[in-house]
Each structure stands twice: as C-alpha cells, then as structure tokens.
4 protein chains.
Amino acid sequence: MSGEARPLRADAQRNRTRVLEAAEAVLARDGLSASMRAIAQKAGVGLGTIYRHFPTQEDLYRAIVTDRTRRLAEEAHTLSAAEDPGAAFFAFFTRIVVNAARNKPMADILVGSGVDPKAAMAEGAPDMRSAIETLLVNAQKAGAVRQDLRMPELLALLAGACLVAERNQWSDELRDRALGILFDGLRPNH
Amino acid sequence: MSGEARPLRADAQRNRTRVLEAAEAVLARDGLSASMRAIAQKAGVGLGTIYRHFPTQEDLYRAIVTDRTRRLAEEAHTLSAAEDPGAAFFAFFTRIVVNAARNKPMADILVGSGVDPKAAMAEGAPDMRSAIETLLVNAQKAGAVRQDLRMPELLALLAGACLVAERNQWSDELRDRALGILFDGLRPNH
Amino acid sequence: MSGEARPLRADAQRNRTRVLEAAEAVLARDGLSASMRAIAQKAGVGLGTIYRHFPTQEDLYRAIVTDRTRRLAEEAHTLSAAEDPGAAFFAFFTRIVVNAARNKPMADILVGSGVDPKAAMAEGAPDMRSAIETLLVNAQKAGAVRQDLRMPELLALLAGACLVAERNQWSDELRDRALGILFDGLRPNH
Amino acid sequence: MSGEARPLRADAQRNRTRVLEAAEAVLARDGLSASMRAIAQKAGVGLGTIYRHFPTQEDLYRAIVTDRTRRLAEEAHTLSAAEDPGAAFFAFFTRIVVNAARNKPMADILVGSGVDPKAAMAEGAPDMRSAIETLLVNAQKAGAVRQDLRMPELLALLAGACLVAERNQWSDELRDRALGILFDGLRPNH
DNA sequence: GATGAATGAGCTTTCATTCAT
DNA sequence: CATGAATGAAAGCTCATTCAT
C-alpha cells in the first residue's frame with residue numbers, strides 16, 4: 001500500500017504541504033499565467049524547494065489533482081456507508097459540484113497545462129470510480145435512481161455539472177435549480 | 001469614433017478570415033502553446049498582418065469566440081421558425097453539444113488565455129440569448145419542455161454538456177445516452 | 001554551391017556578424033561562463049536577435065568554429081599556389097598556430113560546451129583537409145618534408161601545437177623555438 | 001592559520017579520497033555538466049561532506065589536478081634514477097602522453113571551470129619541474145637529446161602532445177607515429 | 001498595407017552553497 | 001561530524017509585441 005519513499009523529515013513534509021496549498025491559491029488567483037516563482041513566494045519558500053518536491057511544473061500540477069481527488073474519494077467512501085442510499089448518492093453528487101465550484105479555474109488550468117486530469121485523478125484515487133459505482137448501485141437497488149443509468153453517462157453528467165460550476169460562480173439557488181433538473185433526469189419512473 | 005468601422009477592403013477581409021481560420025486550426029492542434037507566429041505561418045501571412053486586424057492576442061482569441069457564436073446564433077434563428085417547436089429545441093441543444101465536441105480544446109484555451117468567453121460570446125451574438133429564449137418559450141408553449149425551466153439553468157446545463165463534450169471525445173452512443181437523461185429532466189410531467 | 005537559404009536582409013546580415021564577433025570576444029574574455037545575455041549586450045542587440053540567427057547556444061558556438069575554419073581554409077588555398085612549396089607548408093603551419101594563440105580559450109570553450117570541433121570544422125571547410133594535403137604533397141615533392149609523413153600525424157601535431165599556443169601565451173621567441181624543433185622532426189634526412 | 005593542517009582522522013582521510021575518486025569518475029562521465037550532488041552520490045557521502053573537505057567546487061577541482069600531478073612527479077623521480085637516461089627521458093614523455101589520453105576530458109573540464117591547471121599543477125608537485133629537468137639534463141649528457149633543447153619548449157611540446165592525446169582518442173599506432181616524429185625533432189644531429 | 005527582424009520581460013529549471021537537523 | 005533540505009542567483013530559451021524596411 002505505502003510505496004511512498006521514506007517518511008520525509010518533519011519540515012520537509014510541512015513545506016510540501018505549504019507548496020501545494022500555495023499552488024492551489026495562486027492558480028486560483030492567476031490562472032494559467034501563474035508562475036513557479038509566484039507560488040514559491042506565496043508559500044514562503046525558495047524556488048528550489050518547490051523543485052525538490054516536484055521536479056517539474058507538471059509534477060506539481062499533477063500532485064494537486066491527485067491530492068484533491070484523494071480527498072473526494074475519502075468522502076465517497078464515507079458516504080457509501082450511509083443509511084439512505086438515495087440521499088447518499090445525490091448528496092455526493094452535490095458535494096462534488098459544490099467542491100468544484102469553490103475551486104473555479106483549477107481544472108481549466110490543469111487541462112491547459114497539459115496535465116491529463118483523468119490520469120492524474122486515477123493516480124490519486126484508484127478506487128474513486130468504484131466508490132462512485134457503489135453509491136450508484138446502492139441507490140438503484142433502493143429505487144432512488146433509474147435502472148438504466150450506467151457509469152459512463154453518470155460520470156459524464158457529473159463532470160459537466162462540475163465544469164459549469166467551476167466557470168460560472170453559481171448562486172446557491174441557481175445551482176439547486178440546475179441540479180434539481182438533472183436529478184429529475186436521473187430518477188426512475190419516466 | 002466611426003460607429004461600426006468601415007467595411008474593410010476585399011483583400012483585408014480575406015486576410016482577416018484566413019487569420020481566424022488559421023487561429024482555430026492552430027489552437028486546436030497546439031493547445032495553449034500556440035504562438036502568434038505559428039498562426040501567421042498557418043495563415044500564410046506575416047506576423048504584422050495579424051496585429052493589424054487584432055491588436056492583441058486576446059483580441060484575436062475573443063474574435064474566435066465571437067465568430068463562432070455568431071454562427072450558432074444564426075442556426076438558432078433558423079430553427080426558431082421550425083414547425084415542431086419541441087423538436088427544434090432539442091435539436092438545437094444537441095447541435096450545440098455536437099459542435100462543441102468537434103472543437104475540443106477551444107474553450108479551455110480561451111479560458112486559459114484569460115479571455116472571458118461569456119463576455120466574448122455576448123459580444124458576438126447580442127441576441128443569441130434571445131434566440132435561445134424563443135426556442136425555449138415556444139417549446140414550453142407546445143408542452144414539450146417543463147414549465148418551470150428558466151433561462152439561467154437551461155444555459156447552465158447547456159454549457160455543462162458542451163464542456164464535457166469538449167473534453168471527453170464522446171462516442172455518439174454515449175452522447176445520446178447522456179443527453180437522453182438530461183432531456184428527460186427537461187421534459188414536463190415529473 | 002549556395003545551399004544557403006535566402007540572402008538575408010542587409011541589417012540582418014550585419015547583426016549576424018556582430019553577434020559572431022561579440023561571441024568570440026566574450027568567450028575569449030569570460031571563458032565557459034560566458035552567457036548568451038552577455039554576448040547580446042556586447043553585440044548591442046537583444047537576446048532574441050541571437051536566437052533568431054542561432055536557435056541554440058550550440059548553434060552559435062558551432063558557427064564560430066565554422067567561420068574561423070572557413071577563413072583558414074581560404075589562406076590554405078592561397079598558399080597552396082605559392083612558389084616555394086616548402087616555405088608555403090611551414091608558413092601555413094606557423095600561421096595556424098599564431099592564429100590559435102590569438103584566440104586563447106576558444107577551443108576549450110567549444111570542447112567544453114559539447115560542440116564537436118572536428119565536426120564543426122568539417123562543416124566550415126569541407127576541403128580544408130584537402131587544402132592542407134595539397135600543401136603537404138607539394139612540400140614532399142619539393143623534398144622539404146620527409147616522405148613518410150602522413151596526414152593523420154601531421155594533423156595531430158598541428159592540433160597539438162595550436163592547443164598549447166592557445167593555452168600558454170607564448171612569447172614569439174618561445175613559439176619559434178618550439179616550432180623549430182617540431183619542424184626539424186618533419187624534415188627529411190633523419 | 002595552522003600552517004599545514006593536522007593529519008586528518010582516518011575516516012576523514014578515507015572520505016577525502018572517496019570524494020576525489022568519485023569526482024574524477026563523474027567528471028569523466030558527465031563532462032562539464034557534472035554537479036556537486038552527482039559527485040556526492042557517486043562517493044556515497046552527503047553534500048556537506050564534500051564541502052567540509054573542499055570549501056569550494058574550485059578547490060575540489062584544483063585538488064584533482066594536484067593529486068594527479070603528484071603521482072606523475074613520483075614517476076619522474078623514479079625514472080630519473082634509471083640506467084639509460086635517454087630511454088628514461090623518452091619513456092617518461094610517452095608515459096605522460098598516454099596518461100593524458102586516458103583521462104580525456106579532464107583538462108578541458110578543469111580549464112573550462114576556471115581552474116588554472118598550471119597553478120594547480122605547480123601546487124601539486126613543486127618539484128615536478130625539477131624532476132623533468134633532471135631527466136632532460138641526464139639525457140642530454142648521454143647524448144640522447146639535442147643540446148639546445150631548453151625546458152620551456154620541452155614543456156610546451158609535452159603539453160601539446162598531451163592535449164591532442166586527450167582530445168582525439170589516438171590509436172596506439174597513430175600515437176607512436178606522431179611521437180616518433182616529435183622525438184626525431186628532439187634528437188641531436190640535425 | 002504587408003512583412004518579419006528585433007526586442008526584452010519573463011518563464012522554467014539547475015546547481016553551488018549554506019545551515020538546521 | 002555528516003547529512004541533505006533549503007536557498008536563490010543565474011542560465012537558456014520563448015514569444016507577444018513593435019517598427020524599420
């Protein structure tokens with residue numbers, strides 16, 4: 001499971017985290033024109049420190065996706081043990097979209113930078129997909145989601161919702177209306 | 001000062017078009033690393049010529065969105081006169097998504113380049129929105145679309161579909177399944 | 001014979017020359033730590049201008065060897081038509097060594113930079129070798145040079161003399177004494 | 001401050017040696033792009049350890065020349081006691097050239113790095129020069145070398161031979177032919 | 001008007017060197 | 001004493017933009 005080299009010295013680990021956080025912040029602020037230098041400044045470390053942890057700009061960007069995905073995967077796991085499978089399914093869907101909206105330009109930037117977010121995501125959470133699948137199957141068994149919904153289109157719709165959410169800063173109300181319609185499409189009995 | 005600019009000499013107009021086409025092609029090929037020089041080469045004109053027509057890289061990129069939007073708006077107008085308003089509505093929706101899928105990296109690039117695609121789009125087709133609204137209202141009158149659907153969420157869902165389509169090269173089948181579910185959500189009687 | 005692309009605009013040609021001269025000067029001054037930026041400054045052009053003419057640092061360095069070799073090859077040609085073949089042979093040998101001495105660190109730098117000076121030299125004067133060979137054969141026919149001397153060792157000794165000359169700033173007297181001994185080895189009747 | 005430094009603890013001495021050997025190896029492999037880090041890795045010590053022994057990169061490089069020179073000086077001393085002074089003289093000359101050929105890129109690198117090899121060499125073997133001079137004088141007394149040969153030009157020719165040997169990987173045969181001619185020039189009776 | 005040579009700010013990346021662990 | 005994480009100056013190179021031809 002581990003694979004990770006050695007546990008990293010305490011201060012090194014702290015720097016790694018600071019760099020990742022700074023990178024997210026600066027990317028969110030400056031978009032694609034974010035520079036490694038700006039990230040270093042924001043993180044309060046030297047340029048070289050970034051490159052020690054992430055030998056390449058791309059490595060850093062990939063790490064961001066990976067990190068974020070890991071956090072989402074954990075939520076998915078948690079939710080898949082919930083009582084009401086239908087509620088869990090829709091809650092997770094909403095949760096992901098909200099999360100995406102909060103980090104507006106991230107995906108664009110990553111895509112724009114040549115990072116393949118799908119690959120990076122896979123790396124970050126090899127079982128993210130299966131976690132979602134569990135949520136789906138349970139919700140279908142409970143009759144909360146239409147039987148003919150398959151993973152591919154679910155992921156597509158999920159991705160789409162995330163992408164708009166990222167771009168347009170939705171008001172809560174608009175988000176609820178749009179998701180409401182989408183969820184209607186996902187429910188059985190049509 | 002001169003209101004709407006003068007009509008442009010024939011060859012100048014031709015150059016403008018060539019540059020725009022080249023720009024779309026090069027952006028599609030090289031993504032974010034596309035350079036003005038590459039575009040000039042592809043267009044078969046000098047670098048200076050591009051800058052005569054588009055004083056700034058951003059101006060060029062904005063013009064691309066604007067142009068494309070104008071073409072879509074024309075289609076919307078055409079369709080809004082169709083016989084079956086419901087069919088017209090869904091056809092336009094599909095049409096836009098297909099169109100988006102064909103130009104995969106465009107939006108990413110534009111977003112990545114700091115161009116605000118919403119603004120550019122608005123500029124390109126001031127009445128795009130109203131054209132879509134006409135399609136919507138007609139479809140609702142015909143009972144083909146649920147009454148409580150409003151423009152904001154329609155546009156949001158439309159945008160979302162376009163964005164996924166751009167990223168993941170959908171198979172026709174997957175696209176139909178995903179849009180099918182979305183359309184179910186848009187229909188009345190839930 | 002031409003092969004050269006188009007003839008280069010007047011100012012472009014002038015800049016190319018200025019860059020080459022500046023590069024020689026700066027390399028001679030700063031050795032391997034010479035930077036492209038310093039060369040640009042010395043040449044009085046922008047950094048980009050260098051890169052327009054020489055897409056890579058290595059290309060620039062190669063061009064220096066090539067250029068210099070071309071000049072030497074011209075001298076060799078001139079001398080090979082001289083009256084006294086023996087004198088011509090030794091004069092050229094001396095000439096090359098003196099020339100090398102004047103440009104102290106050049107070869108080191110070029111070698112140090114990964115440029116293969118032999119290859120670059122070949123490129124600069126494809127017939128340099130044959131020009132030297134003519135000088136040698138003529139001198140041998142005139143009985144001024146030993147018959148068993150072949151090109152490989154001649155070139156080796158020539159190169160060696162150049163290399164020391166480059167390093168140690170020889171006094172004229174020392175140079176004459178060292179070359180005198182070398183020339184004694186090259187003469188017949190031993 | 002303390003005159004000649006104290007004798008170094010056993011393990012410290014071992015580390016010093018390891019670093020020097022690693023440095024030679026890495027320089028030979030990577031040429032000018034060799035880095036202190038790579039040397040540390042090869043030597044199996046930490047970066048800091050190198051800096052403890054050689055406060056500066058230049059100090060390390062200088063130590064390499066110094067070391068190597070010391071070894072050569074020892075050989076010169078040994079040979080100066082040999083039976084046949086002429087043979088000893090030419091043997092040492094050949095020995096040095098062969099040695100140089102084996103360490104091809106070393107001198108280039110050192111020169112390229114701003115180390116003055118002459119100074120470093122002087123430091124390494126203050127009596128190297130006198131050892132060679134002894135060989136020369138003895139050979140001249142034995143009539144194996146021309147009387148008018150003086151140290152400066154001898155050293156120049158020696159250096160030249162070494163330099164070509166370093167660059168062009170001579171075949172044994174070519175080396176013998178070139179040295180043969182050079183030696184003819186060094187012999188008396190012309 | 002069109003061309004493309006020139007410019008130079010700014011980018012990513014490397015690496016000698018320092019110093020906390 | 002040894003280690004290697006951190007630093008940041010400096011390098012090679014790109015590319016939007018300007019302007020002489």
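This is a dialogue on reading a predicted model of protein chains with a DNA strand.

Reader: What should I know about numbering and cut-offs before starting?

Author: Residues are numbered from 1 along each chain as its sequence is written, while chains are lettered from A and ligands numbered from 1 in the order in which they are written. The model is predicted, so local features need pLDDT of at least 70 and side-chain atom pairs count only at pLDDT 80 or more, while totals for chains, interfaces and linings use all residues; side-chain values use heavy atoms, with hydrogens and water left out.

Reader: What is the mean pLDDT of chain A?

Author: pLDDT is the predictor's confidence in each residue, from 0 to 100. For chain A the mean is 82, and 80% of its residues reach 70 or more. Among the elements of chain A, helix H3 (residues 47-53) has the highest mean, 96, and helix H6 (residues 106-112) the lowest, 55. Helices here are DSSP runs (H or I, at least four residues), numbered from the N terminus. Over residues 1-5 of chain A pLDDT stays under 50.

Reader: Which residues have the most contacts inside the largest nonpolar core?

Author: A nonpolar core is a set of buried Ala, Val, Leu, Ile, Met, Phe, Trp, Tyr and Cys residues joined through side-chain atoms within 4.5 Å. Buried means under 20% relative accessible area, exposed over 50%, partly exposed in between (1.4 Å probe, protein chains only). The largest core has 74 residues, and those with the most contacts inside it include A:Phe89, A:Leu186 and B:Phe93. Beyond four places in sequence, A:Phe89 is in contact (heavy atoms within 4.5 Å) with residues including A:Leu135, A:Val145 and A:Leu186.

Reader: Which residues of helix H2 of chain C are buried?

Author: In H2(C), residues 36-43, the buried ones are C:Met36, C:Ile39, C:Ala40 and C:Ala43. Seen down the helix axis, they fall within an arc of 100 degrees, so they line one face. The arc is that of the directions from the axis to the C-beta atoms. The face turned away from the buried side carries exposed C:Arg37 and C:Gln41.

Reader: How many residues surround DNA strand F?

Author: A residue is near a strand if one of its heavy atoms lies within 4 Å of it. Strand F is surrounded by 36 residues, with A:Asn15 and C:Gln57 among the closest. H3(A) gives the largest share of the surface near the strand, 5 residues. A polar contact is a pair of N or O atoms within 3.5 Å. A polar side-chain atom of D:Thr49 lies 2.6 Å from a phosphate oxygen of strand F, and a polar backbone atom of D:Gly48 is 3.3 Å from a base nitrogen of the strand.

Technical notes:
Helix = DSSP H or I, 4+ residues; strand = E, 2+ residues; numbered from the N terminus. Polar contact = N/O pair within 3.5 Å; in protein donor to acceptor, adjacent residues only side chain to side chain.
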